[in-house]
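Here is a walk through one protein model, sheet by sheet and then on to the charged pairs. Have the structure open as you read.

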Amino acid sequence: MLEVTGLHSGYGRIPILAGISLTVGDAEFVGILGHNGMGKTTLLKTLVGLLPLTQGEIRFGGSSLARAAPHRRAALGISYVPQGRGIFPGLSVRENLQFALTALGLPAAAGIDQVLAEIPRLERLLDRPGGALSGGEQQLLALARALVQRPKLLLLDEPTEGIQPSIIGEMMELLRGLRERSGIAVLLVEQNIDFIRMLSDRVLLMQKGCIVREFPASELSDSMAMGDFDGLGH
């Protein structure tokens with residue numbers, strides 16, 4: 001589904017990614033692990049088109065995305081949930097979802113009903129401003145706003161950060177169910193070792209803008225919850 005080869009990117013003249021290559025298959029969940037500042041968020045922003053690549057190739061479903069605008073990538077089936085959620089706090093839950101649908105020219109009513117069937121907790125909150133929601137509810141809204149576009153690939157950046165355990169469990173069950181029902185694929189940047197271990201098929205370790213190792217998620221250990229990734233790089 002997604003093929004990335006020799007990807008270089010950064011901020012202006014500051015290089016961050018130094019030749020990233022990875023793949024994500026149909027219905028595959030791939031985790032990305034690494035310390036802060038290693039380029040994980042830069043990678044997701046480059047994949048979704050918010051940052052330009054300076055070298056390399058991104059292919060999705062066989063088509064090149066190297067020069068494609070963010071809305072084009074979204075229309076092809078890539079949705080992104082950024083770190084910090086990125087919802088519109090002054091808009092209601094319903095309006096946040098409508099905005100995501102309108103951006104791709106999709107009908108609002110059916111799409112909202114469909115995502116509410118997946119995330120029923122949001123139904124009673126439809127007329128509440130996004131900024132009035134709890135942190136966990138905001139994260140569910142951010143996830144719903146991405147899912148309402150019916151993506152084939154979902155990019156998630158630290159979705160469990162600052163979220164209560166009950167909603168973390170809810171997100172886990174939601175993503176597993178979507179995988180079974182629709183075959184969605186996920187590329188997940190996460191520091192919560194249990195979350196990434198229980199959801200991912202395999203994990204990529206990033207260090208200094210490079211992927212230095214790939215391994216089965218079952219190899220993740222509790223010691224890594226304290227940030228002890230050093231042994232994985234060898």
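## Ground rules

A residue counts as exposed here when its relative accessible area is over 50%, as buried when that area is under 20%, and as partly exposed in between. Arg124, at 56% relative accessibility, therefore goes down as exposed. Keep in mind that this is a predicted model.

## The six-strand sheet

Start with the open sheet of six strands, ordered β6-β7-β8-β3-β9-β10, where the pairing is mixed. The edges belong to β6 (78-81) and β10 (210-216); each has a single partner strand, so one side of each has no neighbour in the sheet. From one strand to the next, the twist averages 20 degrees. Helix α5 (residues 135-147) lies across β6 and β7 (153-157), and it runs at about 170 degrees to β6.

Strand β9 (residues 202-207) is a good place to zoom in. On one side, four bridges join β9 to β3 (residues 29-33), and the two run parallel; Leu33 has Leu205 of β9 as its bridge partner. With β10 the arrangement is antiparallel, over six bridges. Here Leu204 sits opposite Glu214, and Arg202 sits opposite Pro216. The β9-β10 unit is a hairpin with two residues between the strands, and Lys208 in the turn has a positive phi of about 50 degrees. Five of the six residues of β9 are buried, so the strand is largely enclosed by the rest of the structure.

## The four-strand sheet and its helix

The other open sheet to look at has four strands in the order β2-β1-β4-β5, with antiparallel pairing. β2 (14-24) and β5 (63-64) are at the edges, and since each has a single partner strand, one side of each is left without a neighbour in the sheet. Between strands β1 (residues 2-11) and β4 (residues 53-60) there are six bridges, in the antiparallel sense. Within that pair, Ser9 faces Leu53 of β4.

Helix α1 (residues 40-48) packs on this sheet, where it touches β1, β2 and β4, and its direction makes about 110 degrees with that of β1. How much of α1 is covered? Mostly, it turns out: seven of its nine residues are buried. Those seven are not just nonpolar names, as the list reads Lys40, Thr42, Leu43, Leu44, Thr46, Leu47 and Val48. Right after α1 comes Gly49, with a positive phi near 95 degrees.

## Arg202 and its two partners

A search of the whole structure turns up 11 salt bridges. Which residues are linked in a network of salt bridges with Arg202? They are Glu28 and Glu214. The Arg202 and Glu28 side chains meet at 2.6 Å, N to O. Arg202 is in strand β9 while Glu28 is in the loop between β2 and β3, so this pair ties together parts that are 174 residues apart in sequence. Both of these residues are buried, with Arg202 at 13% relative accessibility.

The second bridge, from Arg202 to Glu214, comes in at 3.3 Å, N to O. This one goes from strand β9 to strand β10, so it ties together parts 12 residues apart in sequence.

## Around helix α5

Back at α5, there is another salt bridge to check: Arg124 to Glu137, 3.6 Å from N to O. Arg124 is in the loop between α4 (108-118) and α5, and Glu137 is in α5 itself, so parts 13 residues apart in sequence are tied together. The two ends differ in setting: Arg124 counts as exposed because its relative accessibility is 56%, whereas Glu137 is buried, with a relative accessible area of 10%.

Gln139 is in α5 as well. Gln139 counts as buried because its relative accessible area is 3%. Beyond its neighbours within four places in sequence, Gln139 is in contact with Val81, Arg85, Pro159, Ile163 and Met171.

## A nonpolar patch outside

Finally, turn to the surface. Phe88, Leu91 and Phe99 form a nonpolar patch there, with about 250 Å² of accessible area together. Phe99 belongs to helix α3 (residues 93-103), and its 46% relative accessibility is why Phe99 counts as partly exposed.

Technical notes
Residues are numbered from 1 along each chain as its sequence is written. This is a predicted model: local features need pLDDT of at least 70, side-chain atom pairs count only at pLDDT 80 or more; totals for chains, interfaces and linings use all residues. Side-chain values use heavy atoms; hydrogens and water are left out. Patches are made of residues with over 30% relative accessible area and no salt bridge: like charges are joined within 9 Å, nonpolar side chains (Val, Leu, Ile, Met, Phe, Trp, Tyr) within 5 Å. Accessible areas come from the Shrake-Rupley method with a 1.4 Å probe; for residues, only the protein chains shown count as cover. A salt bridge is a side-chain nitrogen of Lys or Arg within 4 Å of a carboxyl oxygen of Asp or Glu. Buried means under 20% relative accessible area, exposed over 50%, partly exposed in between (1.4 Å probe, protein chains only). Two strands pair if DSSP finds at least two bridges between them. Axes are lines fitted to C-alpha atoms, for helices over the stretch in contact, and angles run from 0 to 180 degrees between N-to-C directions. Contact means heavy atoms within 4.5 Å.
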